[in-house]
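Good morning, and thank you for coming. I would like to take you through one protein structure, step by step.

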Amino acid sequence: MKLSEVKQILPTLENVEFQLENGTFVPEHFHVTEVGIIKKNFIDCGGVIRNEEVVNFQLWNADDFEHRLKPNKLLHIISLSEEKLTIQDLEIEVEYQSETIGKYDLAFNGKNFVLKNKTTACLAQDACGIPAEKQKIILRESTDNTSSCSPNSGCC
């Protein structure tokens, strides 16, 4: 989800709520402790230099049980970060601590922001010798009858 999408959604909400993919909610007294830009410059295992840039939201649970982040407050924080850090309309990555600090993609399910699990991947599979995943087909659903046998035909 891009920053512009979050900015469009926030004015339609009464409360800002984040939910993990497994259905667990981030406690409602969370704080957004950072809004920033994360730049990652790296070389993949195939020798290609890559650059990535995302907007980062860091969520933190405080012992401040009376605190509730309202949509207009988060909009203000975003606006300030755009002005002071010249943040562009980039994809958002959310940092949130459960057992360890996790990095999540962000989505919206119509009511809540959803922290989507991220996965790792090889960006240079062709250089690593990792074969492309073969398409799996169910033979009984195949429409190519030229190489198939009928029962009791003796070909199998």
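**Charged pairs, the core and a pocket**

Let us begin with a single residue: Arg68 is partly exposed, since its relative accessible area is 35%. For that term, buried means under 20% relative accessible area, exposed means over 50%, and partly exposed lies in between, with a 1.4 Å probe and protein chains only.

Before I continue, a word on the source. This is a predicted model, in which local features need pLDDT of at least 70 and side-chain atom pairs count only at pLDDT 80 or more, while totals for chains, interfaces and linings use all residues. Residues are numbered from 1 along each chain as its sequence is written, and side-chain values use heavy atoms, with hydrogens and water left out.

Now the overall plan. The protein contains three helices and six strands, and from the N terminus on they follow the order α-β-β-β-α-β-β-β-α. Helices (H or I, at least four residues) and strands (E, at least two) are DSSP runs, numbered from the N terminus. Of the 156 residues, 29% count as buried. Among contacts with a separation of 6 or more, 66% come from residues 24 or more positions apart; contact here means heavy atoms within 4.5 Å.

Let us return to Arg68 and turn to charge. Side chains of opposite charge can pair when their charged atoms come close. A salt bridge is a side-chain nitrogen of Lys or Arg within 4 Å of a carboxyl oxygen of Asp or Glu. How many salt bridges does the structure hold? There are nine.

One of them joins the side chains of Arg68 and Glu28, at 3.1 Å from N to O. Arg68 sits in the loop between β3 and α2, and Glu28 in the loop between β1 and β2, so this pair ties together parts that are 40 residues apart in sequence.

Another salt bridge is formed by Glu21 and Lys116, whose closest N and O atoms are 3.1 Å apart. This pair links distant parts of the chain, 95 residues apart: Glu21 is in the loop between β1 and β2, and Lys116 is in strand β6. Glu21 counts as partly exposed at 41% relative accessibility, and Lys116 is partly exposed as well, at 32%.

A further salt bridge connects Lys118 with Asp105, at 3.4 Å from N to O. Because Lys118 lies in the loop between β6 and α3 (125–128) and Asp105 in strand β5, the pair ties together parts that are 13 residues apart in sequence. Lys118 is partly exposed, with a relative accessible area of 35%, and Asp105 counts as partly exposed at 35%. Through shared partners, salt bridges join Glu93, Lys103, Asp105 and Lys118 into one network.

Let us move to the nonpolar residues. In soluble globular proteins, nonpolar side chains tend to be buried together. A nonpolar core is a set of buried Ala, Val, Leu, Ile, Met, Phe, Trp, Tyr and Cys residues joined through side-chain atoms within 4.5 Å. Here the largest nonpolar core has 28 residues, and those with the most contacts inside it are Val6, Phe18, Phe57, Leu59, Leu106, Phe113 and Leu115. The elements that give two or more residues to this core include α1 (3–9), α2 (71–85) and β6 (113–117). Not counting residues up to four places away in sequence, Phe113 touches a set of residues including Met1, Val6, Phe18 and Leu106.

Helix α2 also holds Leu75, which is partly exposed at 25% relative accessibility. Apart from residues up to four places away in sequence, Leu75 touches Lys7, Leu10 and Pro11. Ser79 is found in helix α2 too, and its C-alpha atom is separated by 9.2 Å from that of Lys7, 72 residues apart along the chain.

After this helix, please look at Thr86, in the loop between α2 and β4. Its phi is near 50 degrees, a positive value in a residue other than glycine. Thr86 counts as exposed, at 54% relative accessibility.

I close with a question: which elements give two or more residues to the lining of the largest pocket? They are β2, β3, β4 and β5. Of the 16 lining residues, the closest to the pocket's centre are Lys40, Glu52, Glu93, Lys118 and Thr119. A pocket, on a 1 Å grid over the protein atoms alone, is an open set of points where a 1.4 Å probe fits, with protein on both sides within 12 Å along at least five of seven lines; lining residues have an atom within 4 Å of a point.
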